[in-house]
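Q: I'd like a close look at a single part of this protein, and a feel for how that part sits in the whole chain. Could you walk me through one spot?

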Amino acid sequence: MSATAVHSLWTTAVEPIDKIPAPHIEYAQLAPALIVVGAAIVGVLVEAFVPRKARYYTQVYLTVVALVAAFAAVVALAAGGYGTTKAHIAAMGAIAVDGPALFLQGTILLASLVAVFTFAERRLDPEAHGNRIDSFAAQAASVPGSDSEKAAVKAGFTTTEVFPLVLFAITGMLIFPAANDLLTLFVALEVFSLPLYLLCAVARRKRLMSQEAAVKYFLLGAFSSAFLLFGIALLYGYAGSMSYARIAEVVDGSVRTIDPALADTMGNDALLLIGGGMILTGLLFKVGAVPFHMWTPDVYQGAPTPVTGFMAAATKVAAFGALLRLLYVVLPGLSWDWRPVLWGIAIVTMLGGAIVAITQTDIKRLLAYSSIAHAGFILAGVIATTPDGISSVLFYLLAYSFVTIGAFAVVTLVRDAGGEATHLSKWAGLGRRSPLVAAVFAVFLLAFAGIPLTSGFSGKFAVFKAAAEGGAGALVVVGVISSAIAAFFYIRVIVLMFFSEPKADGPTVAVASPLTMTTIAVGVAVTGVLGVAPQYFLDLASQAGIFVR
C-alpha cells in the first residue's frame, strides 16, 4: 500500500472535534482546600526568596492566617446550607460538599491551627549560640552528629520548611474525607502522607530515632497505599467507574446502562469483595487499627512531639471520614460482608491497644497504644450503620483530637538535659514539682479514660449508644471492659505524678511561650465544655451526619 493511500486513510478516519468541553469547577465550595494549598505554595516561595532571619515569622503568620481563613470558609459554606439542603457533588463529581465533609474539615482545620502553635514554639530548649531553637533539626539534610550539622546549629539555622509541609498535609486531609471518587481519594492520601513522612524525620534531638521512625512509616505507608491502589483497580474492574455513586448502583443492582466491554466483569463478586477488602486495609492502616497498627508506637515515639500530636489528631479525623464515606455511600449494599470483619477488627483493636499499653514505659508509646484503643472505640460507632453512628463518630473525632494535641503539648514541656523526658520513671513526683502541669495532664488522661464530665465520656457514651442501638450490644460490652483496662494505666500515670517522691535529678518543666500555653488551654477548655455541655455539639454532629449520594 502506497504512502499516499495510508495518508488519506489516516486523515479521513479522524473525525474533527468541535470543542473540548471545559471542566466546571465550583471554586467557592472548594475554598477551604484551595486557601490552604495556595498558602502552602506561597510558603515554598517564602523559603526561596525571603531572607533567613525573617522566614520563621513570615511562615508562622502565613500558616495561621491561612488556617483561620480556611475555617471561616468552612463556616460560611455551612451557614449557606451546603451541609444540609444544598449538599451536592462538586468539581465534576470528584468532591462531595455535604455535612460530614464540612464538619470534618472544620475539625481538621481547628485541630491543625492549635497544633501549629506547638510547631512554632521556641522557648522550651535553652538558647544555642544566642539563637532560640525549636523542635526541628537545624538543617535536615545534614548527617546527624556531623560537622555540617554543628555548623548549622552554630549559625542558628532552622527548618522553617515544616510550615509549608504541614499546609500540604492539611490540604490532603481536607480532600480525603470529601473525596467522591476513588482516584481523588488516592491522590488526597498521597498528598497528606508524603509531607508526614518528611515531618517525622526532622527532630532536632534523637535524630537517628526520628529518621528510623520516618523510614518505618514510609515503608509501611507505601504498602498501605499499594493495597489501596490495587483495591481501587479491582473495584474499577467490577463497576467500570471510579465514582462512588456509580459503584454503589452496581453493588445494589440498580444500574441501568451497562458498557458491553464491562458486562463480563460486572457480575464478578470476587472483584468486589477483594477490592473492597483491600481499600479497607489501606484506610484501616491510616486509622491505626489492629493488625495494621505496627507503625504507630515507633512513629509516635520517634517523630518530633509537635508532629506526633498533629498526626495523631488530624490523620485520624481524615481517615475515619474517608472510611465512613466509603462504607456508608459506596458499600452499604455489602454491609453483611464488611460488618463481621469490622466487628473482629474493632474488638482486637480495643483490647489490643488497652492491654499492650499497660506494659509501656515511655509516655509517647503509651499515648500511641491509647490512640490504637480509641480507634477501636470509634470503629464501634462506624459499625452501627445508622445516622446516629455517623454523628457519634463525628463528635468523638472532635473531642479526641483536642485532647490528643493538648496531651502531646504537655509532653513537650517536661525536659531534662537530653531534651524531652519521655520515660515514665522521670514523671514520678511531677505533681509536687509542677502541680499545674501535672493537673492539666491528669485532666487529659481522665478524658482519654472516659471519666464523666470530660469530653472523652461524652464521646464514648455517644459511640456506645449508637452501637447498641445498631445491634452491636456485645461490642459495647467489650468496649466497656477495654475502657476499664485502659483506665488502669491512665490512673497509674496520675498516681505516679502525684503520689511518688520526686527524684533529685528529675526533669524540669520548661516555661513555654504563649503559643504552647494557648494549645494546652484550648485542649483543656474543649475537654471541659464537651464534657459538661456537649448537647450543642452533638446536635451539630447529628445535623451534619447525612452523606450526599
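A: Here is a walk around Val522, then out to the chain it belongs to. Keep in mind that this is a predicted model, where local features need pLDDT of at least 70, side-chain atom pairs count only at pLDDT 80 or more, and totals for chains, interfaces and linings use all residues. Residues are numbered from 1 along each chain as its sequence is written, and side-chain values use heavy atoms, with hydrogens and water left out.

Val522 sits in helix H21, which covers residues 514–532 (helices are DSSP runs of H or I, at least four residues, and strands are E runs of at least two, numbered from the N terminus). Its relative accessibility is 28%, so Val522 counts as partly exposed; buried means under 20% relative accessible area, exposed over 50%, and partly exposed in between, with a 1.4 Å probe and protein chains only. Skip the neighbours within four places in sequence, and Val522 is in contact with Val114 and Phe402, contact meaning heavy atoms within 4.5 Å. Glu47 is 475 residues away along the chain, and its C-alpha atom is 30 Å from that of Val522.

Now zoom out. The protein chain has 22 helices and 5 strands. Buried residues make up 58% of its 549 residues. Among contacts in the protein chain with a separation of 6 or more, 80% are between residues 24 or more positions apart. Along the principal axes, the C-alpha atoms fill a box of roughly 90 × 60 × 40 Å.
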